[in-house]
Amino acid sequence: MRIVTVVGNRPQFVKAAAVSGPLRKAHEEILIHTGQHHDEDLSGVFFSELGLARPERELRIAGGSNTSQTARMLGALEPALGELEPHAVLVYGDTNSTLAGALAAAQARVPLVHVEAGMRSYDRAMPEELNRVLTDHCSELLLCSSEAAAANLRAESVPGRIEVVGDVMVDVAERWRPQALEDSATRARYGLADGAYLLLTAHRAGNVDDPVQLARLVELVEALPGPAVFPLHPRTRERLRAASLYERLAAVPGLRITEPLGYAQFTALLVRARAVLTDSGGVQKEAYLAGVPCVTLRENTEWTETVEAGWNTLAGLDAQKALAALSRAAPSERPELYGDGRAAERCVAAIGAL
Ligand code: UDP
């Protein structure tokens, strides 16, 4: 089979790193990079580090509103699919690149495969939620990370075939964990002692685009105890500067701000952190997998099982809630929620049976 995979940003490079290798052993894969994330920090480093094949095509589409970006991607994907005549299109997650790939496939009447299908925050104000729902309803094959995701899809009566394969990020996290645990050099580089620092990430539109919310984020960081490291997403850095909040954040005692990190370095910081504070979907899940308590800087999450298991607390941007969560002990149990680290194999098998 010829499969066109559409990727465009950081979490998709991580997911594709799990699937692309086994997929290429069984089928022909053509990787199209939309360009949504295009610089070295958010894109290049993931290809070189994770052994992901260079994209066969680069659309170089970035910037603009979600609508205009998605529309430009669609305009470029239509002729590409017409020319390549794939047997299936594969998309990951919930970004503009996901939705553009999904709509282009559906319009071209090419079967669509969605990896990480069925995730729901039930918050339609999040652009990601809209992308997930629309993509799932266009998909012929819906590959789910968990039973809960499959149940969400059944409740929506999606027309495609639903299969629970486990989460492909688990495959990558498990492969990298031994090396990350050993990598004390990265932690030393940032002056961090194992188990004694907090790791922060934030870039959701709802938290950083509105200066009032962004100021609450800075206040929350100011209230945190002890050393912390904050690899700053370019969107967040730009919004902090625009709102004249960057200097205030940079002045927080014990806080180390860095550029966005490659997967290896980021994971080295994550696995030995005392706790993680994040608004990222992928990082919530990775914290759980590493047995690191997580405080989610959102009012809701699509990774609900991590909250139910007691490892993740929803704090929004409420500093008091975040501090209360940080003072609680981690649960003693950590059930296997998202599969056994062999999700990619099952994805490839399911695609082969299309
Ligand atoms: N990540 C990384 N470097 C960083 C921050 C995150 O490598 O500085 C990785 C992280 O380990 C996870 C992915 O990027 O695999 C999550 O991406 P992001 O938070 O951008 O996306 P989301 O999961 O929120 O869609």
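This section describes the two sheets and the ligand site of a predicted model.

The seven-stranded sheet is open and has parallel pairing, its strands following the order β3-β2-β1-β4-β5-β6-β7. Strands β3 (57–58) and β7 (161–164) form its edges; each has a single partner strand, so one side of each is left without a neighbour in the sheet. Within this sheet, β1 (residues 2–7) and β4 (residues 88–92) are joined in the parallel sense by four bridges. V6 has V91 of β4 as its bridge partner. Helix α5 (residues 127–138) packs on the sheet and touches three strands, β4, β5 (112–117) and β6 (141–144). The direction of helix α5 makes about 140° with that of β5.

The second sheet to be described is likewise open, with six strands in the order β10-β9-β8-β11-β12-β13 and parallel pairing. Its edge strands, β10 (255–258) and β13 (312–314), each pair on one side only. On average, and with direction ignored, neighbouring strands of this sheet are turned by 20° against each other. The pairing of β8 (residues 198–201) with β9 (residues 228–231) is parallel and comprises two bridges. In this pair, L199 is bridged to V229 of β9. Helix α13 (residues 263–271) lies across β8, β9 and β11 (275–278). Relative to β8, helix α13 runs at about 135°.

Helix α13 also takes part in the ligand site: together with α1 (10–26) and α14 (281–290), it is one of the helices that each supply at least two residues of the shell around the ligand. The largest share, four residues, comes from α14. In total, 18 residues surround the ligand, and the closest are R204, L261, S280, G282 and E286. By residue class, the shell divides into ten nonpolar, five polar and three charged residues.

Among the closest residues, L261, G282 and E286 can be described at the level of individual atom pairs. A polar backbone atom of L261 lies 2.6 Å from a nitrogen atom of the ligand. For G282, the separation between a backbone N or O atom and an oxygen atom of the ligand is 2.7 Å. E286 contributes through its side chain, in which an N or O atom is 2.6 Å from an oxygen atom of the ligand. The ligand taken alone exposes 540 Å², of which the protein buries 96%. The ligand surroundings thus combine backbone atoms of L261 and G282 with a side-chain atom of E286, within a shell to which α14 gives the largest share.

Technical notes:
Residues are numbered from 1 along each chain as its sequence is written. This is a predicted model: local features need pLDDT of at least 70, side-chain atom pairs count only at pLDDT 80 or more; totals for chains, interfaces and linings use all residues. Side-chain values use heavy atoms; hydrogens and water are left out. Two strands pair if DSSP finds at least two bridges between them. Axes are lines fitted to C-alpha atoms, for helices over the stretch in contact, and angles run from 0 to 180 degrees between N-to-C directions. Contact means heavy atoms within 4.5 Å. A residue is near a molecule or strand if one of its heavy atoms lies within 4 Å of it. A polar contact is a pair of N or O atoms within 3.5 Å; within protein, one must be able to donate a hydrogen and the other to accept it, and residues adjacent in sequence count only if both atoms are side-chain atoms. Accessible areas come from the Shrake-Rupley method with a 1.4 Å probe; for residues, only the protein chains shown count as cover. Ala, Val, Leu, Ile, Met, Phe, Trp, Tyr, Cys and Pro count as nonpolar, Asp, Glu, Lys and Arg as charged, and the others, Gly among them, as polar.
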